[in-house]
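Me: Please take a close look at the surroundings of the ligand in this structure. I would like one connected account that then places those surroundings in the context of the strands and helices.

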Amino acid sequence: MLVNAYRHTQTPDEPNYAADAGFGGWEALETLQRLTRAGVETIVDAACGIPLPRASVPVHSNADMMARRKRLLGSRPYLFYDRPIHAVRGEGVWIIDSSGRRFLDCYNNVPIVGHCHPHVTEAISRQSRTLNTNTRYLGEQVLDYAERLGQKTGAALTACAFVNSGSEANDVAWRIATAWTGARGALTQEFAYHGITEAIDAVSPSASRIGALAAHVRTLLAPDGYRGIYRGDTPDPGSRYAEDADRAIQSLAEAGLKPAAYFVDSAFMTNGILEPQKNYVAEVFRRVRAAGGLCIADEVQSGFGRMGRHFYGYQHHDVVPDIITIGKPAGNGHPVGVVITRPEILDHFIEQSAFFSTFGGNNVSCAAGLAVLDVLENEDLLANATAIGAYFKAGLQALAAKHDIIGIVRGTGLALGVELVIDRNSRAPAAKQTSQLINRLRDEGVLAGSEGIHGNIVKLRPPLVFRREHVDQAVLAFERSLSAL
Ligand code: PMP
């Protein structure tokens, strides 16, 4: 348009398309401006009859998508990063955006065996071509899957109820616990997260924007040896923190309630990826059981080898829960949720309630779940999470020696947290800097998130197929981003 306008000034006989509204040139330019590069390529390819290599290539800019999103998904966008990422493809440890840029995924714990692992995608695709129906027909997959999940508990937890998400698994676990105990009181950690149903939202104080607890819920102090009331200098802080369960149980009793269940996220993820003393969880379990409650290990974050060494996170605490719930990584992105408990506890529940979930335990979900277990075993990913997690942690700790803003590096396996403080003595949380750091990391091509009640903990949960070179890239990006803060 500009070239033509210029030429028109030199040779007035040449038609001036730029001034010709009927020609539609400006509209065309404005449309092009709204499209992404990949979108333009797609349209040109299609016009030339070139077959499209990708099924759904984005054709709209982020600004356009944000506007649509606000209109269609609610006015409060809940997105990662100041400059949101338009993710179009995943591959191993990488997320690829609409411009073709690759981001190293240190954040998403769902694709535990790597984005789009071919063994899992093949299993899903094969099963979806064969049969996908529900558990009211006999089928091998659901049995094989239940058997393998139960075996990994190393305990008498062998009975499974299949659902579709972590929230549903916790909701059913809560119903099972109230049915078994006849009690109505709930215990959960302060600032915990367990899901979105009404019953589970009540035990998820971190999700509340209003801060009020339901009348039947009591929270336990987070066993935070860095920021909590019992720190490294307190003798036996695990027992001190566990004593808080007595206070919570007593408080329920004063309201005429007994505990039905205590929910614990074995990785203490929302509390900032804590590493409580070894005796903490066991001592809380002892108290909850003495008061008649069941202990529910929410393994939605901590399961599937996330913490290295063991398949389930609770195994790091030397306890055996009464109920386990799993979700997120179970299907590597395909919706899978499972409640695992002792057979007598499940039987008691299903005698009272005809439990059935249409999609829970469907053939395709089970094929996905079985394929994830195959990959974890065949690629020895628990051992990898242990070794690479230790290497990652050491790299971050080396950064802490150079950057005072790092208060502490915590975590086990590939569930790591880096707590940022304004001052190492006061430990004042550096929330603003955490947000800046995460956005800088994103610009460096490394995806991380923030966590904790103050939002000052960088959360790292990469796929378990992470290798040393990925850690090196992430640590280098951290170094550069910290230096630029
Ligand atoms: N429990 C924990 C510990 C979680 O982190 C989450 C999800 N963030 C859930 C339960 C809920 O899982 P979902 O979003 O699949 O319902």
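Reply: In this predicted model, the residues around the ligand are Ser165, Gly166, Ser167, Asn170, Tyr193, His194, Gly195, Asp298, Val300, Gln301 and Lys328. By class, this shell divides into seven polar, two charged and two nonpolar residues. Helix 7, which spans residues 166–181, contributes three residues, the largest share of the shell.

Three side chains may be singled out for their polar atoms. In Ser167, a side-chain N or O atom is 2.5 Å from an oxygen atom of the ligand. Gln301 likewise places an N or O atom of its side chain 2.7 Å from a ligand oxygen atom. For Lys328, the ligand partner is a nitrogen atom, which lies 3.3 Å from a polar atom of the side chain. On its own the ligand has 390 Å² of accessible area, and the protein covers 81% of it.

The description now turns to the sheets. One of them is an open sheet of seven strands with mixed pairing, in the order 4-10-9-8-7-5-6. Its edges are formed by strand 4 (159–163) and strand 6 (217–220), each of which pairs on one side only. Direction ignored, neighbouring strands in this sheet are turned against each other by 20 degrees on average.

Within this sheet, strand 5 (residues 185–189) and strand 7 (residues 259–265) run parallel and are joined by three bridges. Ala186 has Ala261 of strand 7 as its bridge partner. Packed on the sheet is helix 10 (residues 280–290), which touches strand 5, strand 6, strand 7 and strand 8 (294–298). The direction of helix 10 makes about 170 degrees with that of strand 7.

There is also an open sheet of four strands, again with mixed pairing, whose order is 1-2-3-13. Strand 1 (87–91) and strand 13 (446–447) each have a single partner strand, so one side of each is left without a neighbour in the sheet. The partnership of strand 13 with strand 3 (residues 102–105) is parallel and consists of two bridges. Here Leu104 stands opposite Val446 of strand 13.

To return to the ligand, its shell draws on helix 7 for three residues, and its polar partners include the side chains of Ser167, Gln301 and Lys328.

Notes. Residues are numbered from 1 along each chain as its sequence is written. This is a predicted model: local features need pLDDT of at least 70, side-chain atom pairs count only at pLDDT 80 or more; totals for chains, interfaces and linings use all residues. Side-chain values use heavy atoms; hydrogens and water are left out. A residue is near a molecule or strand if one of its heavy atoms lies within 4 Å of it. A polar contact is a pair of N or O atoms within 3.5 Å; within protein, one must be able to donate a hydrogen and the other to accept it, and residues adjacent in sequence count only if both atoms are side-chain atoms. Accessible areas come from the Shrake-Rupley method with a 1.4 Å probe; for residues, only the protein chains shown count as cover. Ala, Val, Leu, Ile, Met, Phe, Trp, Tyr, Cys and Pro count as nonpolar, Asp, Glu, Lys and Arg as charged, and the others, Gly among them, as polar. Two strands pair if DSSP finds at least two bridges between them. Axes are lines fitted to C-alpha atoms, for helices over the stretch in contact, and angles run from 0 to 180 degrees between N-to-C directions. Contact means heavy atoms within 4.5 Å.
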